[in-house]
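Colleague: I am new to this structure and should be grateful for a guided reading of it. May I put some questions to you while we look at it together?

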Amino acid sequence: TGKRSPILNLAAAILVVDMITVKRSKKGNRIIWIALGVIVALTVLYFVAPFFGDSRNSLVRLMEFSSTEDIEDASNGRFSLISFAISEFRQHPIIGIGWGKYRQIYDTTGAHNIYFQLLCECGIFGFVLSVGGMIYILFRSIRILKWTNRNDSSVEAVLMKCSVFIQVYILVYGLFGNPLYDPNYMLMYLLGFFISAAMSFRYKYIAKI
């Protein structure tokens with residue numbers, strides 16, 4: 001419970017799956033949208049806080065409520081790591097510095113943000129291919145989930161809920177950590193991907209998904 005990022009990842013993934021699969025009143029939908037809005041707002045504030053100097057003290061306290069780290073840095077050093085990635089990307093914008101090179105150059109576990117690290121290591125082309133592919137797979141998975149939720153048995157619908165949940169969790173976690181560079185999280189993402197791929201193949205000739 002001392003980790004802030006997993007709580008946001010979990011909440012975002014649950015809310016997205018819930019919005020897709022559960023029918024509720026307008027008031028209920030409004031509450032879900034507000035909850036998602038709060039998550040987005042906290043995420044945005046987290047990244048823009050360094051630009052406001054001492055005025056971010058209240059946000060620092062919020063982000064550090066369960067941390068034993070120095071309260072002067074709400075990111076626990078992540079902003080510096082991200083700035084290194086941005087600097088390398090500016091120097092190598094097309095093809096990047098090479099996969100895995102960031103850790104070697106800066107002797108760290110990574111930039112703690114897969115999007116900036118992918119820009120740094122793979123350049124703009126690699127970033128578009130990798131992130132674009134992940135987003136495409138997610139949206140296709142959401143379409144399959146909607147179809148199975150309406151037309152198929154509960155087993156297929158539950159499997160697709162798991163797939164979408166995993167993908168959303170990893171994509172949100174990518175803002176704060178290195179899930180694509182962690183074998184455990186990478187295996188979890190691949191599980192979600194293969195569930196979606198299997199369902200896509202199964203329904204390819206049954207429904208236009």
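**How the helices and cores are arranged**

Modeller: Let us begin with one helix contact in this predicted model. Residues Y115, M134, I137, L138, S141, I142, I144, L145, T148 and N149 of α6 meet E156, A157, M160, K161, S163, V164, Q167, V168 and L171 of α7.

Colleague: How do the residues of the contact of α6 with α7 divide by class?

Modeller: Two residues of this contact are charged and five are polar. The remaining class, the nonpolar one, has twelve.

Colleague: Are α6 and α7 roughly parallel or roughly antiparallel to each other?

Modeller: Two packed helices are described by the angle between their axes and the distance between the axes. For α6 and α7 the axes are 9 Å apart and the angle is about 155°. An angle over 145 degrees counts as roughly antiparallel. The helices α6 and α7 are therefore roughly antiparallel.

Colleague: What is the handedness of the crossing of α6 and α7, and of the one in which α6 passes α8?

Modeller: For α6 and α7, the crossing is left-handed. Where α6 passes α8, the crossing is likewise left-handed.

Colleague: How is α6 placed with respect to α8?

Modeller: Helix α6 spans residues 114-151 and helix α8 residues 183-202; their axes lie 10 Å apart and form an angle of about 50°. That angle makes the placing of α6 with respect to α8 oblique.

Colleague: Which residues of α8 make the contact with α6?

Modeller: On the α6 side, the contact is made by M134, I137, R140, S141 and I144. By class, the whole contact has six nonpolar, three polar and one charged residues. The α8 side consists of Y189, F193, S196, M199 and S200.

Colleague: What elements does the protein chain contain overall?

Modeller: From the N terminus on, the elements run α-α-α-α-α-α-α-α. The chain has zero strands and eight helices.

Colleague: What share of the residues of the protein chain count as buried?

Modeller: A residue counts as buried when its relative accessible area is under 20%. The chain has 209 residues, and the share that count as buried is 42%.

Colleague: Which element supplies the largest share of the largest nonpolar core?

Modeller: In soluble globular proteins, nonpolar side chains tend to be buried together. Here the largest nonpolar core has 39 residues, of which L118, V164 and L180 touch the most other members. At least two residues each come from α1 (5-21), α2 (26-48), α6, α7 (154-173) and α8. The largest share, 14 residues, is supplied by α6.

Colleague: Which residues does L118 touch, and what lies apart from this core?

Modeller: Leaving out residues up to four places away in sequence, L118 touches W99, G123, F127, S130, V131, L180 and Y181. Apart from the largest core lies another of six residues, among them L81, A85, I97 and Y102.

Colleague: Is E121 buried or exposed?

Modeller: E121 is found in helix α6. Not counting neighbours within four places in sequence, its contacts include I95, G96, W99, K101, R103 and Y181. The C-alpha atoms of E121 and K101 are 6.7 Å apart, although the two residues are 20 apart in sequence. With a relative accessible area of 1%, E121 is buried.

Colleague: Why does Y189 count as buried?

Modeller: Y189 is found in helix α8. Beyond the residues up to four places away in sequence, Y189 touches M134, I137, I166, Q167 and I170. The cut-off for buried is under 20% relative accessible area. Y189 counts as buried because its relative accessibility is 7%.

Colleague: What is the relative accessible area of N178?

Modeller: N178 lies in the loop between α7 and α8. Outside the four places on either side in sequence, N178 touches T109, G110, A111, H112, N113, I114 and Q117. N178 is buried, and its relative accessible area is 10%.

Colleague: What is phi of H112?

Modeller: H112 is found in the loop between α5 (101-106) and α6, and counts as partly exposed at 21% relative accessibility. Most residues other than glycine have a negative phi. H112 is a residue other than glycine with a positive value, near 55°.

Conventions. Residues numbered from 1 in each chain as written. Predicted model: local features only at pLDDT ≥ 70, side-chain atom pairs only at ≥ 80, totals over all residues. Heavy atoms only, no water. Axes fitted to C-alpha atoms, helices over the stretch in contact; angles between N-to-C directions. Helix = DSSP H or I, 4+ residues; strand = E, 2+ residues; numbered from the N terminus. Parallel < 35°, antiparallel > 145°, perpendicular 65-115°, else oblique. Left-handed = near helix turned anticlockwise from the far one by under 90°. Contact = heavy atoms within 4.5 Å. Nonpolar A, V, L, I, M, F, W, Y, C, P; charged D, E, K, R; others polar. Core = buried A, V, L, I, M, F, W, Y, C linked by side-chain atoms within 4.5 Å. Buried < 20%, exposed > 50% of the residue type's maximum accessible area, 1.4 Å probe, protein only.
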